[in-house]
Amino acid sequence: MVREQIDRIGVVGAGTMGSGIAQVAATTGYDVVMRDIESEFVENGFDTIDDSLGRLDSRGDLAEEPATIRDRIEGTTLLDDLGDCDLVIEAALEELEVKREVFADLERVCDEDILLATNTSTLSITSIASDLETPERVIGLHFMNPVPIMEGVEVVVGEKTTEAATDLAHHVAEDLGKTTWEADDKPGFVTNRILMPWINEGIRAYDEGVASKEDIDRGMELGTNVPMGPLTLADHIGLDVCLHASETLHEELGDRYKPAYLLTRKVEAGDLGKKTGKGFYEYE
Ligand SMILES: NC(=O)c1ccc[n+]([C@@H]2O[C@H](COP(=O)([O-])OP(=O)(O)OC[C@H]3O[C@@H](n4cnc5c(N)ncnc54)[C@H](O)[C@@H]3O)[C@@H](O)[C@H]2O)c1
């Protein structure tokens with residue numbers, strides 16, 4: 001049994017994805033609790049939300065004032081504040097041990113009948129839930145970046161996830177204005193299994209001098225009708241996130257997923273893409 005009446009949504013992590021999910025949930029009328037481990041990170045999350053709501057408002061894309069939407073979001077560093085949520089979506093770091101700990105905490109503080117979702121890009125839903133007493137209510141709700149703009153959400157079904165939990169996950173995502181598709185709990189699901197080798201190949205093509213970075217991006221945009229080429233997209237996702245995802249896939253699926261050398265180098269140098277002001281390109 002999973003609770004279908006959802007008024008209050010908990011979000012774990014106030015980073016790129018968590019703040020986006022909180023914003024979208026508040027925009028569609030839900031009360032939201034956004035939790036991070038430090039108040040500074042919660043504040044950063046609110047700054048991101050304010051910027052995004054401001055941009056959407058200036059384009060006339062919001063049905064309400066940004067302040068009204070923002071007021072529905074409560075920021076916190078306290079785990080217990082997630083205790084009265086009707087659904088929790090986790091968007092913390094992409095590390096199995098971190099996610100396992102978060103879900104163990106959630107199982108402790110949340111009601112037994114609420115859906116617990118993870119926004120993981122590549123980790124196994126089954127592994128994340130493996131130590132829990134109630135793994136049947138754990139599911140992947142894989143939002144795309146940037147969450148307020150991207151329409152798609154991938155629903156990832158773990159080994160123990162029930163049909164009721166799966167149906168509810170689709171329903172919630174649709175209620176948030178998104179369109180879903182479903183993937184089995186196999187490494188990378190549909191999106192990252194195909195996207196990460198594409199990004200890595202773009203990076204290798206650049207490193208091996210096939211074309212300039214601009215021409216690689218332009219070639220893929222104009223030649224294959226995608227909105228962003230691989231190097232621009234990698235900068236937007238975050239090069240550390242891409243490297244992490246590639247390493248997980250490499251471990252699970254073998255050498256065809258080996259991260260590109262230049263991706264590893266850039267992450268070591270601290271050039272993580274748009275969020276640090278420099279990746280393959282430079283940002284203001
Ligand atoms: N960035 C993307 O394009 C993207 C796309 C889809 C999915 N994802 C996935 O979403 C998740 C979050 O990614 P992100 O890009 O937002 O990362 P991020 O680094 O921007 O944010 C993660 C946040 O989680 C916080 N955090 C860490 N441990 C926590 C805990 N125990 N409790 C609460 N908060 C905690 C961190 O302080 C940080 O603020 C990852 O699993 C990632 O793989 C990312």
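The following questions and answers cover strands, helices and cores in a predicted model.

User: What do the numbering and confidence conventions say about this model?

Analyst: Residues are numbered from 1 along each chain as its sequence is written. The model is predicted: local features need pLDDT of at least 70, side-chain atom pairs count only at pLDDT 80 or more, and totals for chains, interfaces and linings use all residues.

User: How many residues of strand β7 (residues 152-157) are buried?

Analyst: Strands are DSSP runs of E, at least two residues, and helices are runs of H or I, at least four, numbered from the N terminus. A residue is buried if 20 or more other C-beta atoms lie within 10 Å of its own, exposed if 12 or fewer, and partly exposed in between, with C-beta atoms placed from the backbone. Strand β7 is largely enclosed by the rest of the structure, because its buried residues number five of the six.

User: Which residue of β7 is the bridge partner of Leu141?

Analyst: Strands pair if DSSP finds at least two bridges between them. Four bridges join β6 (residues 138-143) to β7, and the two run antiparallel. In β7, the partner of Leu141 is Val155.

User: Which residue of β8 stands opposite Gly152?

Analyst: Strand β7 is joined to β8 (residues 179-184) by six bridges, and these strands run parallel. Opposite Gly152 in β8 stands Thr179.

User: On which side of α4 do its buried residues lie, the same or opposite sides?

Analyst: Helix α4 (residues 96-109) buries Lys99, Val102, Phe103 and Leu106. They cover an arc of only 95° around the axis (the arc of the directions from the helix axis to the C-beta atoms), so they lie on the same side of α4.

User: Which residues are exposed on the other side of α4?

Analyst: The buried residues of α4 pack against β1 (8-12), β4 (87-90), β5 (115-118), α5 (125-129) and β6. Packing rests on contacts, meaning C-beta atoms, placed from the backbone, within 7 Å. Exposed on the other side of α4 are Glu97, Ala104 and Arg108.

User: Which helix gives the most to the largest nonpolar core?

Analyst: A nonpolar core is a set of buried Ala, Val, Leu, Ile, Met, Phe, Trp, Tyr and Cys residues joined through C-beta atoms within 7 Å. The largest has 55 residues, and Ile21 is among those with the most contacts inside it. With six residues (from the range 16-27), the top contributor is helix α1.

User: Against which helices do the buried residues of α8 pack?

Analyst: Helix α8 (residues 213-224) buries Ile216, Asp217 and Met220. Their packing partners are α7 (191-207) and α9 (230-237).

Methods: Contact = placed C-beta atoms within 7 Å.
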